[in-house]
Amino acid sequence: MLFTAGNILLVGSILLFVSIIVGKTGYRFGVPALLLFLIVGMLFGSDGLGLQFHNAEEAQFIGMVALSIILFSGGMDTKFSDIKPILTPGIALSTVGVLLTALFTGLFIWWLSGMDWSNIQFPLITSLLLASTMSSTDSASVFAILRSQKMNLKHNLRPMLELESGSNDPMAYMLTIVLIQLTTSSEIGVSQVLGSFAIQFIVGAATGYFLGKLAILMLNRLNIDNQALYPILLLSFVFFIFSITDLLKGNGYLAVYIAGMMVGNNKIMYRKEIYTVMDGLTWLVQIIMFLCLGLLVNPHEMLEVAAVALLIGIFMIFIGRPLSVFLCLLPFGKKITFKSRLFVSWVGLRGAVPIIFA
C-alpha cells in the first residue's frame with residue numbers, strides 16, 4: 001500500500017493513535033517510547049502490514065525539521081544556572097567524547113572486517129565513517145527519558161547529559177562529512193578539515209546567539225492581538241535560524257540549540273502558552289520522525305548483518321562509550337565521582353541521528 005493524497009490522513013492518524021497507545025503501555029514497563037514508535041513504523045512498513053515508504057530524501061527532510069524543533073525545545077529547557085558548573089565537562093563530552101567514540105568504534109569495525117567469519121569488508125576510512133554516524137548521543141531520546149522519568153539526579157548530571165546530547169550532533173555531522181570526502185577524494189588536507197570544523201562551530205554558535213536575541217526582541221516588542229500566534233512566530237524563527245545558518249556554512253543544529261537556550265533563559269511574552277505548545281509539538285515531531293524512520297527500515301535487509309551490527313552495538317555500550325567518557329572526564333579529577341562517570345557512560349543513547357546520517 002502506497003501513501004497517496006487520499007489516504008495519507010487516514011493512515012497517518014492510525015499510526016499516530018497506535019504509537020500513543022503503545023507508548024503509554026511501554027512507559028508502564030520502562031520501555032523508551034521513542035523505541036516503540038520506531039518499532040510501530042517497522043511493523044506497519046513493507047515487511048509488516050505493507051505500507052510502502054522508500055523515499056530517503058523525504059525521511060531526511062522530516063528528520064531535519066523534527067531535530068530542529070527538538071533541539072530548540074531542549075535548549076529552552078536548559079537553564080544557564082544549571083549548565084554553568086558543568087560547562088567544561090559537557091563541552092568535552094560533546095566534542096572530544098564524540099571523536100574518541102568514533103575512533104574506538106571505527107577501529108573495532110575495522111578489526112571485525114579482517115575476521116574470516118565476518119561478512120563485512122571495510123577499509124579503515126569506511127569503518128571510521130560508519131562509526132562517526134553513530135558517535136553522537138540522541139537529544140530526543142536523552143531529553144525524553146530523563147524528563148519523562150522525572151529523575152532526581154545528583155551532581156548536575158541531568159544538565160551535563162542534556163548539554164552533551166544537545167550540542168554533540170555538530171561534531172558527529174562534521175566527522176561524517178569529512179570522512180565521506182576522504183572516501184571519495186584523497187585531496188582533502190588537514191587545514192581544510194580544521195577550517196571546516198571551525199566555521200561550522202563558530203558560525204553556528206554566533207548565529208544561534210544573535211538570532212536568539214532577535215527572537216526574544218520580536219516576541220516582546222511585536223504586539224500581536226492573538227496570543228495563539230506567539231508560538232507560531234517562535235516556530236518560524238526556529239526554521240529561519242536553522243536555514244540561514246546552513247546557508248552561511250555553519251551548523252544549524254548547534255544554532256537552534258543555542259537560540260533555544262537564549263529564549264528559555266530570558267523573559268518573553270506568554271511564556272507558559274509558548275512552552276505548552278512547544279512541548280506538544282516536540283512530542284508530535286518525535287513520533288512522526290521515528291515512525292518515518294521505522295517505515296523506511298526493511299527488517300529483512302538487517303538479518304544478514306545482524307550479528308556484526310549487534311557486536312558493534314555491544315562494543316559501543318560496554319567499551320567504546322565508557323572508555324571515551326572516562327578519558328574525557330579524567331582532567332576533572334574528584335569533581336566528578338566514579339559513579340557519576342559510570343552513569344554518564346550508560347546514558348550514551350543512540351536514536352534518530354545515525355539513521356538520518358545513514
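**Reading burial and backbone angles**

Gly252 is buried, with a relative accessible area of 4%.

Biologist: Happy to start there! Which helix holds Gly252?

Modeller: In this predicted model, Gly252 belongs to helix 12, which covers residues 252-264.

Biologist: And which residues is Gly252 in contact with, leaving aside neighbours within four places in sequence?

Modeller: Those are Phe242 and Thr245. You can also look further along the chain: Gln200 is 52 residues apart from Gly252, and their C-alpha atoms are separated by 8.6 Å.

Biologist: Now the backbone. What sign of phi should I expect?

Modeller: The general idea is that most residues other than glycine have a negative phi. Here, Lys249 has a positive phi of about 70 degrees, although it is not a glycine. Tyr270 is another case, with a positive phi of about 50 degrees.

Biologist: Where are Lys249 and Tyr270 found?

Modeller: Lys249 sits in the loop between helix 11 (229-247) and helix 12. Tyr270 lies in the loop between helix 12 and helix 13 (271-296).

Biologist: Is Lys249 buried or exposed?

Modeller: Exposure is called above a cut-off of 50% relative accessible area. Lys249 has 58%, so it counts as exposed. Tyr270 has 30% and is therefore partly exposed.

Biologist: Let's try a whole element. How many residues of helix 8 are buried?

Modeller: Helix 8 spans residues 157-167, and 10 of its 11 residues are buried, so it is mostly covered. Among the buried ones are Leu157, Met160, Leu161 and Leu163, along with Glu162 and Glu164.

How values were computed. Residues are numbered from 1 along each chain as its sequence is written. This is a predicted model: local features need pLDDT of at least 70, side-chain atom pairs count only at pLDDT 80 or more; totals for chains, interfaces and linings use all residues. Side-chain values use heavy atoms; hydrogens and water are left out. Helices (H or I, at least four residues) and strands (E, at least two) are DSSP runs, numbered from the N terminus. Buried means under 20% relative accessible area, exposed over 50%, partly exposed in between (1.4 Å probe, protein chains only). Contact means heavy atoms within 4.5 Å.
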